[in-house]
Amino acid sequence: MSGDTELSRIGISLPKNLLDKFDEILSLRGYSSRSEGIRDSIRSYITHYQWISDVKGERQGVITMVYDHDQRGLLQTLTEIQHQYAHNIQASLHSHVTQNKCLEVILIRGDGAVLKDITERLMAQKGVEAVKLTTIPVEG
């Protein structure tokens, strides 16, 4: 481990299907233990958070989101969030991937901090499986 000097032991609860997928990826990637994979995942999450935190100024971009269509109340909450930011959302595309999984692509424009807020609000909802914000600066 680079730079880590002290280890802390934690316990977490995960749904079996999530743990099974994680174990499969660990095996495919050749990790020697779950702990090693979890450390790598946490480092990646921290890097992603730091990158998204640096989104500043006028930006144009997309939010891609995968979510469980059957999660109770989720569709209404996602719609409410998008309506609150209607002045930043230029368009959206919705695709039914499976019976209960949906993919949504949202075209956005505005101040980077606001776009980050939209992304984090969407990401925080139960039933949202993945959210990714990709932006570029708007020049002149």
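**Note on the predicted model: strand S4, salt bridges and annotated domains**

1. Pro-137 belongs to strand S4, which spans residues 128-137. The model under review is a predicted one. With a relative accessibility of 45%, Pro-137 is classed as partly exposed, because that class lies between the 20% and 50% limits. Leaving aside residues up to four places away in sequence, Pro-137 is in contact with Glu-58 and Arg-59. Between the C-alpha atoms of Pro-137 and Ile-38 the separation is 33 Å, and these two residues are 99 positions apart along the chain.

2. As to overall architecture, the protein contains 4 helices and 4 strands. Read from the N terminus, their order is α-α-β-α-β-β-α-β. The C-alpha atoms occupy a box of roughly 45 × 40 × 25 Å along the principal axes. Of the 140 residues, 24% are buried. When contacts between residues at least 6 apart in sequence are considered, 66% of them link residues at least 24 apart.

3. Two domain annotations, both from unreviewed UniProt entries, bear on the chain. The record assigns "Ribbon-helix-helix protein CopG" to residues 9-47. In the model, that span is 72% helix and 0% strand, and its end C-alpha atoms lie 22 Å apart. The record also lists "Transcription factor NikR nickel binding C-terminal" for residues 61-136. Here the composition is 30% helix and 47% strand, with 6 Å between the end C-alpha atoms.

4. How many salt bridges does a search of the whole structure find? The total is 5. Side chains of opposite charge can pair when their charged atoms come close. Three of these pairs are discussed in the points that follow.

5. One of the salt bridges joins the side chains of Lys-16 and Asp-20, with an N to O distance of 2.9 Å. Both residues are part of helix H1 (residues 16-29), where a spacing of 4 residues amounts to about one turn of the helix. Lys-16 is exposed, at 61% relative accessibility, whereas Asp-20 is partly exposed, at 37%.

6. A further salt bridge connects the side chains of Lys-101 and Glu-129 at 3.2 Å, N to O. Lys-101 is located in strand S3 (residues 101-111) and Glu-129 in strand S4, so this pair ties together parts that are 28 residues apart in sequence. Both partners are partly exposed: Lys-101 has a relative accessible area of 27%, and Glu-129 has a relative accessibility of 47%. Strand S4 is also the element that holds Pro-137.

7. Lys-116 and Glu-120 form another salt bridge, in which the closest N and O atoms are 4.0 Å apart. This distance should be read against the cut-off, because a salt bridge is accepted here within 4 Å. The two residues lie 4 residues apart in helix H4 (residues 112-123), and they are therefore separated by about one helical turn. Is Lys-116 buried or exposed? At 15% relative accessibility, Lys-116 is buried, because the limit for that class is under 20%. Glu-120, at 27%, is partly exposed.

8. Regarding the surface and the charges, the protein exposes about 9800 Å², of which carbon and sulfur atoms supply 52%. The protein carries 16 positive and 18 negative charges, and the mean positions of the two sets are 3 Å apart.

Notes:
Residues numbered from 1 in each chain as written. Predicted model: local features only at pLDDT ≥ 70, side-chain atom pairs only at ≥ 80, totals over all residues. Heavy atoms only, no water. UniProt positions renumbered as here; feature names shortened; annotations may be inferred. Buried < 20%, exposed > 50% of the residue type's maximum accessible area, 1.4 Å probe, protein only. Contact = heavy atoms within 4.5 Å. Areas by Shrake-Rupley, 256 points an atom, 1.4 Å probe, with all protein chains shown as cover. Lys, Arg positive; Asp, Glu negative; His and termini not counted. Charge placed at Lys NZ, Arg CZ, Asp CG, Glu CD.
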